[in-house]
Amino acid sequence: MTDFSESYANKLLKGIVRFSHDHDPWAVCKMPLSLRDSGRMDEVVKFALSWQADAIIGQFLPTDDVDSFSRHGIIAIAQDYHQKFPNISNISGDYAASGRICADYLIKKRVHNFGYFGLKGMVWSDERRDSFVEEIRQRVPDSTISILEKDDISATWWYDLEGLRKWLRELPKPVAILACDDNRAYYIIEAARLEGGSDMRIPEDIMVLGIDNDESLCQLCSPQLSSLNQDVEEAGYETARYIDELLSLPVAERTSRIQDIIVRPSYVTTRRSTDAVLHPNPYISRILYFINTNVNERISVDDVVALVPMSRRLLEGTFRREMGTSIYQYIIKVRVEKMKDLMVNGYSPLAAADILGMDYKIIARSFKKLNGITPGEFADNIE
């Protein structure tokens with residue numbers, strides 16, 4: 001019983017079905033959310049009993065009597081929605097790790113202004129916010145951090161367009177914003193587009209990062225949305241394994257085996273909404289934008305020098321002082337990161353190198369130097 005219009009639920013179901021195919025096939029029923037929203041948990045239980053259900057996974061409300069399932073011998077597992085339940089198992093996430101990974105990703109964009117757009121009172125948003133803010137404050141102590149949240153846990157689909165546009169207008173630019181999920185990130189991009197103006201360009205003025213990597217939603221955004229992937233399918237598989245273990249126990253013993261299934265964050269898929277590196281020096285910013293947007297081309301240091309009214313020697317020194325590396329090494333680093341993104345999205349190491357217009361042996365050496373493993377080893381570790 002969950003919202004199957006979202007990719008998260010479908011990935012979860014995919015993992016459950018995979019376990020079912022690996023073992024004795026299960027019958028899986030998609031229960032309509034309208035039953036829960038009616039406020040009648042007795043109707044939900046009745047529906048489950050009519051299907052002779054052994055277990056139910058659902059986005060339960062804090063006020064729902066989830067113990068009613070166990071009274072009928074049905075295993076209940078909550079998919080995190082508002083808060084975790086202490087009396088049943090939860091499909092939860094390592095939300096603190098998600099916040100840290102996203103902070104690390106945005107910090108590397110060389111920006112000093114950050115924002116967080118979330119839903120106050122939702123456990124997954126609150127914990128992501130706290131770890132995101134803590135990581136930034138520790139590593140970029142002179143940064144600014146602005147937070148916009150709706151303090152109403154009933155308003156999952158809250159979208160105050162005017163309030164969001166006002167917040168975006170007042171943020172110091174350039175700014176990198178983490179949204180608590182892809183839906184909120186989509187709202188930011190739409191609000192910036194409708195607001196317009198010379199300081200509302202994405203990603204040049206506002207970088208936007210989502211969480212969940214909902215492919216349809218990320219592609220719908222204009223520009224397309226970068227987002228943090230999570231191992232939801234694997235969590236679905238582990239959930240099914242856990243249910244299978246509980247079913248082998250007498251009903252009276254199941255409550256003593258309550259445990260949460262944790263969804264692990266993995267990597268960020270970079271798309272246009274963060275595909276730049278911001279910098280207060282306009283010349284450096286111009287160079288970073290050029291390199292990141294032309295990563296598939298055979299650009300050279302001479303191409304970069306031609307962009308700004310500075311001698312090569314002066315530019316090289318300025319760039320190294322501001323970025324901590326040479327122009328050439330930065331170009332290589334960007335290409336290696338792009339190669340990783342291509343492989344994450346299904347391209348083989350050879351195909352990724354070909355797209356980047358680079359000899360595979362050359363980029364493979366740089367890849368291993370920067371990541372400690374070969375492109376082939378990296379590809380093997382991708383689910």
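**A buried strand and its surroundings**

All seven of the seven residues of strand 4 (residues 113-119) are buried, so this strand is largely enclosed by the rest of the structure. The model described here is a predicted one. Both faces of strand 4 are covered: on one side Asn113, Gly115, Phe117 and Leu119 are buried, and on the other side so are Phe114, Tyr116 and Gly118.

Strand 4 has partners to follow in the 3D view. With strand 5 (residues 144-150) it pairs in the parallel sense, over seven bridges. Phe117 is a handy residue to look for here, with Leu148 as its bridge partner in strand 5. To get from strand 4 to strand 5, the chain passes through helix 6 (residues 123-139), and the resulting β-α-β crossover is right-handed. Strand 6 (residues 175-179) also pairs with strand 4 in the parallel sense, this time over four bridges. Phe117 appears again in this pairing, where its bridge partner in strand 6 is Ala179.

Helix 6, the connecting helix of the crossover, is also the place of Ser125. Is Ser125 buried or exposed? Its relative accessible area is 0%, so Ser125 counts as buried. Leaving aside residues up to four places away in sequence, Ser125 touches Tyr116, Gly118, Leu119, Glu149 and Cys180. Among these contacts, Tyr116, Gly118 and Leu119 belong to the buried residues of strand 4.

The next topic is charge. Side chains of opposite charge can pair when their charged atoms come close. How many salt bridges does a search of the whole structure find? The search finds 25. One of them joins the side chains of Arg129 and Asp130, with an N to O distance of 2.9 Å. The two partners can be told apart by their surroundings: Arg129 has a relative accessible area of 14% and is therefore buried, whereas Asp130, at 43%, counts as partly exposed.

Another salt bridge is formed by Lys173 and Asp199, whose closest N and O atoms are 3.8 Å apart. This pair links distant parts of the chain, 26 residues apart: Lys173 sits in the loop between helix 7 (161-170) and strand 6, and Asp199 in the loop between helix 8 (182-195) and strand 7 (206-211). Lys173 is partly exposed, at 23% relative accessibility, and Asp199 is partly exposed with a relative accessible area of 30%.

A further salt bridge lies within one helix. Arg312 and Glu316 have their closest N and O atoms 4.0 Å apart. Both belong to helix 13 (residues 312-323), and because they are four residues apart there, about one helical turn separates them. Arg312 has a relative accessibility of 39% and counts as partly exposed; Glu316, at 22%, is partly exposed as well. Salt bridges can also share partners, and in this way Lys14, Arg18, Glu233 and Glu234 are joined into one network.

Backbone geometry gives some further places to visit. Most residues other than glycine have a negative phi, and most peptide bonds are trans. Which peptide bond is cis with omega near -5°? It is the bond from Lys173 to Pro174. Pro174 lies in the loop between helix 7 and strand 6, and Lys173 is the residue already met as the salt-bridge partner of Asp199. The bond from Ile202 to Pro203 is cis too, with omega near 10°. Pro203 is found in the loop between helix 8 and strand 7.

Positive phi values occur at Gln52 and at Asn213. Gln52, which is not a glycine, has a phi of about 55°. This residue is in the loop between helix 3 (41-50) and strand 1 (55-58), and its relative accessible area of 68% makes Gln52 exposed. For Asn213, phi is near 50°, again a positive value in a residue other than glycine. Asn213 is located in the loop between strand 7 and helix 9 (215-220). Unlike the exposed Gln52, Asn213 counts as buried, because its relative accessibility is 3%.

The surroundings of Asn213 complete the picture. Its side chain makes a polar contact of 2.7 Å with the side chain of Asn229. Not counting residues up to four places away in sequence, Asn213 touches Ser7, Lys11, Asp182, Cys218, Ser227, Leu228, Asn229, Thr269 and Arg271.

How values were computed: Residues numbered from 1 in each chain as written. Predicted model: local features only at pLDDT ≥ 70, side-chain atom pairs only at ≥ 80, totals over all residues. Heavy atoms only, no water. Buried < 20%, exposed > 50% of the residue type's maximum accessible area, 1.4 Å probe, protein only. Helix = DSSP H or I, 4+ residues; strand = E, 2+ residues; numbered from the N terminus. Pairing = 2+ DSSP bridges. Right-handed = clockwise from strand over helix to strand, strands pointing away. Contact = heavy atoms within 4.5 Å. Polar contact = N/O pair within 3.5 Å; in protein donor to acceptor, adjacent residues only side chain to side chain.
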